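Subject: Structure for you to look at

Hello,

Here is the structure I said I would pass on. Please open it and keep it on screen while you read the notes that follow.

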Amino acid sequence: MEAALKSRLFERRPDGYELTEAGRSMVEKAIAIEAAMHELEDSLCGQDDRACGPVRIVTVETLAHHLLIPNLPSLQDAYPDLSLGIAVNATSFVEQPQREADIGLRLCRSRMAISSFGG
């Protein structure tokens, strides 16, 4: 590093090494850079991971009334930027148009799930 910088960073002594003025200056600047990088990371970290936007859930009446609806207030408190829509489908999910919902909750595994998991 000294050759690349064309500056001595250490005094070589019989009992070890000691930083030169340039070496001390470099360490101080490196510590400041590290602190700035941590601050940058902390300020940006997770900004795009927050749950936000519309989410449409399709499910059967039993799950909607006994599982989803009672828990909506706490979910909305935890994720205020989330806009939830719940559709109750009394018939089969097979009749659900593709991309009609983001999440589908059912009381049993679908044939697609069974074949996907080798069941």
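Glu11 is partly exposed, with a relative accessible area of 28%. In this predicted model, Glu11 forms a salt bridge with Arg8, and the closest N and O atoms of the two are 2.2 Å apart. Side chains of opposite charge can pair when their charged atoms come close.

Glu11 and Arg8 also turn up together around Thr20. Leaving aside its neighbours within four places in sequence, Thr20 is in contact with Arg8, Leu9, Phe10 and Glu11. Thr20 sits in the loop between β2 (16-19) and α2. Is Thr20 buried or exposed? Its relative accessible area is 10%, and under 20% counts as buried, so Thr20 is buried.

Now the other salt bridges. The structure holds four of them, including the one between Glu11 and Arg8. Another joins the side chains of Glu18 and Arg13, at 3.4 Å from N to O. Glu18 is partly exposed, with a relative accessible area of 37%, and Arg13 is partly exposed as well, at 42%.

A further salt bridge links the side chains of Arg24 and Glu21, with 3.2 Å from N to O. How far apart are Arg24 and Glu21 along helix α2? They are three residues apart in that helix, so about one helical turn separates them. Arg24 counts as partly exposed at 35% relative accessibility, whereas Glu21 counts as exposed at 57%.

Helix α2 covers residues 21-44, and Met37 is found in it. Which residues make a nonpolar surface patch with Met37? They are Ile33, Leu40 and Leu44, and the patch has an area of about 400 Å².

Next, the sheet. Three strands form an open sheet in the order β4-β3-β5, and their pairing is parallel. The edge strands are β4 (82-88) and β5 (103-105), each of which pairs on one side only. On average, neighbouring strands of this sheet are turned by 25 degrees against each other, direction ignored. Strand β3 (residues 53-59) pairs with β5 in the parallel sense over three bridges. To find the pairing on screen, start at Ile57, whose bridge partner in β5 is Ile103.

Which helix packs on this sheet? It is α3 (residues 61-78), which touches β3, β4 and β5. The direction of α3 makes about 170 degrees with that of β4.

Last, the chain as a whole. There are four helices and five strands, and from the N terminus on the elements run α-β-β-α-β-α-β-β-α. The chain has 119 residues, of which buried residues make up 15%. Thr20 is one of the buried residues. The accessible surface of the chain comes to about 9,700 Å², and 57% of this belongs to carbon and sulfur atoms. Among contacts with a separation of 6 or more, 58% are between residues 24 or more positions apart.

As a way in, I suggest going through the residues in this order. Begin with Thr20 and its contacts Arg8, Leu9, Phe10 and Glu11. Then go along helix α2, from the salt bridge of Arg24 and Glu21 to the patch that includes Met37. Finish at the sheet, with β3 and β5 and then helix α3 packed on it.

Regards

Notes:
Residues numbered from 1 in each chain as written. Predicted model: local features only at pLDDT ≥ 70, side-chain atom pairs only at ≥ 80, totals over all residues. Heavy atoms only, no water. Patch = residues over 30% accessible without salt bridge, like charges linked within 9 Å, V, L, I, M, F, W, Y side chains within 5 Å. Areas by Shrake-Rupley, 256 points an atom, 1.4 Å probe, with all protein chains shown as cover. Salt bridge = Lys/Arg side-chain N within 4 Å of Asp/Glu carboxyl O. Helix = DSSP H or I, 4+ residues; strand = E, 2+ residues; numbered from the N terminus. Buried < 20%, exposed > 50% of the residue type's maximum accessible area, 1.4 Å probe, protein only. Contact = heavy atoms within 4.5 Å. Pairing = 2+ DSSP bridges. Axes fitted to C-alpha atoms, helices over the stretch in contact; angles between N-to-C directions.
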